[in-house]
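Colleague: I should like to learn how to read a pocket and a ligand shell in a model.

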Amino acid sequence: MAKKNIESVAVAGKRVLVRVDYNVPLEPESGNVLDDTRIKATLPTIEYLREKGAKLILASHLGRPKGKREPSLSLSRVGERLAELLGSPVKTTSCCCGPEVQEAAHSLEPGEVLLLENLRFHAEEEENDPEYAKALASLAQVYVNDAFGAAHRAHASTEGVARYLPAVAGLLMERELAFLGRAMVDPERPYAAIIGGAKISTKMAVLESLLERVDKLLIGGGMANTFLKAEGFNVGESLAEDGFLERARQVMARAKEKRVLLLLPTDVIVADEFAADAQAKRVSIKDVPDGWRIMDVGEMTVNVFAKALEGCKTVVWNGPMGVIEFGSFAHGSHRLAGVVANLKGATTILGGGETAAVVEELGIASRFSHVSTGGGAALELLEGRELPGVAALADA
Ligand code: ADP
Ligand code: MG
């Protein structure tokens with residue numbers, strides 16, 4: 001169901017509470033923001049609201065302070081970075097509720113921006129406590145959720161607060177829902193999904209959900225090992241989850257039944273230990289030596305995947321093809337990223353923290369139609385689940 005967005009509410013002169021996802025990595029020593037992608041992603045919503053004369057109250061969580069004030073998880077540095085990006089001051093508070101915050105919120109002028117302190121300094125946030133949600137709502141007249149990355153959590157600032165104010169989607173939220181929603185409901189075909197990453201246990205539901213929607217399913221990374229093992233290949237010391245062998249067989253049988261092209265690696269890079277400087281070689285999937293482990297997909301596999309992707313109109317990719325943290329085992333993911341980036345006439349959607357990191361590191365993120373800012377939230381959406389932070393918003 002489509003949701004109302006910020007263009008459908010009057011905000012001039014009003015106090016608008018905007019839930020953003022500023023859960024960004026900080027440098028341990030200095031507390032400086034290491035990656036401001038998530039902050040930048042909220043600028044369109046903030047700038048739109050300021051132009052319309054709204055008074056902005058931004059709220060976010062950062063890390064896991066477990067309901068206690070934790071100075072190293074203060075949002076003050078994030079506020080400084082936001083001020084630099086906006087080119088205008090950002091006010092901050094030492095808390096996210098109480099008289100000081102009420103005062104700060106009510107004295108805002110149109111176009112001014114106030115960033116509240118970390119919402120999770122109060123345990124009531126994650127408990128979705130109604131009083132806490134009401135206290136947040138009492139600061140504003142309109143609620144905007146632009147925190148797609150937190151939308152899979154039913155917390156006070158993502159779900160509870162929406163009960164007490166007109167609640168609409170921000171521009172980032174809207175964009176995420178449009179791309180991922182389309183991939184779930186009305187994709188242009190042929191439609192391919194590429195699934196990789198480490199643990200099958202965290203991705204099996206996504207894979208099964210996508211299997212019902214796609215024409216082609218390309219499986220790589222650690223995920224593939226369980227499938228290869230289920231097919232009877234020796235995977236040596238590779239990461240594989242024996243508890244999922246049967247489900248992997250069911251997926252392969254279902255793919256056959258649905259005539260979905262399911263591809264597994266045909267060649268792989270194996271290593272004699274799990275280390276950046278391990279001894280490594282490329283082997284056919286039939287020849288993985290005992291005692292060795294699969295660390296990346298091989299060249300031939302990337303070529304076969306590239307061929308399958310040719311002509312596809314929608315491509316969803318989640319999870320790297322190998323152990324990208326070690327440079328020598330990142331080639332498969334890097335090459336595949338290039339292939340997907342070069343697809344002509346295709347809507348290309350990337351989800352997942354590590355997958356996004358791969359293309360950002362390569363400097364090619366802008367060549368994909370959409371790189372999702374929500375790791376867990378994107379996965380839950382692709383699983384076909386309803387996100388509480390989205391469900392709480394007004395229907396369009
Ligand atoms: P995303 O964050 O994009 O959703 P995941 O968190 O599922 O992706 O997976 C990323 C992790 O998968 C990386 O840390 C990478 O090292 C790991 N990985 C990929 N291939 C393998 C493999 N063959 N063996 C072990 N780990 C792997
Ligand atoms: Mg991850």
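Modeller: We shall take the pocket first and the ligand second. This is a predicted model, in which local features need pLDDT of at least 70 and side-chain atom pairs pLDDT 80 or more, while totals for chains, interfaces and linings use all residues. Residues are numbered from 1 along each chain as written, chains are lettered from A and ligands numbered from 1 in written order, and side-chain values use heavy atoms, without hydrogens and water.

Colleague: What volume has the largest pocket?

Modeller: Rolling a probe the size of a water molecule over the atoms shows where empty space is left. Here the largest pocket has a volume of about 870 Å³ (an open set of points on a 1 Å grid over the protein atoms alone where a 1.4 Å probe fits, with protein on both sides within 12 Å along at least five of seven lines; lining residues have an atom within 4 Å of a point; points join across faces, edges and corners, and the volume is that filled by probe spheres). Of its 38 lining residues, Asp 21, Arg 38, Thr 373, Gly 374 and Gly 375 are the closest to the centre.

Colleague: Why does the pocket lie between domain 1 and domain 2?

Modeller: Because domain 1 (6-172) and domain 2 (179-382) both contribute to its lining.

Colleague: Which residues are closest to ligand 1?

Modeller: Among the 17 surrounding residues (a heavy atom within 4 Å), the closest are Ala 198, Lys 203, Glu 325, Glu 354 and Thr 355. A polar side-chain atom of Glu 354 lies 2.5 Å from an oxygen atom of ligand 1, and a polar backbone atom of Ala 198 is 3.0 Å from an oxygen atom of ligand 1.

Notes
Domains from an automatic or database assignment. Polar contact = N/O pair within 3.5 Å; in protein donor to acceptor, adjacent residues only side chain to side chain.
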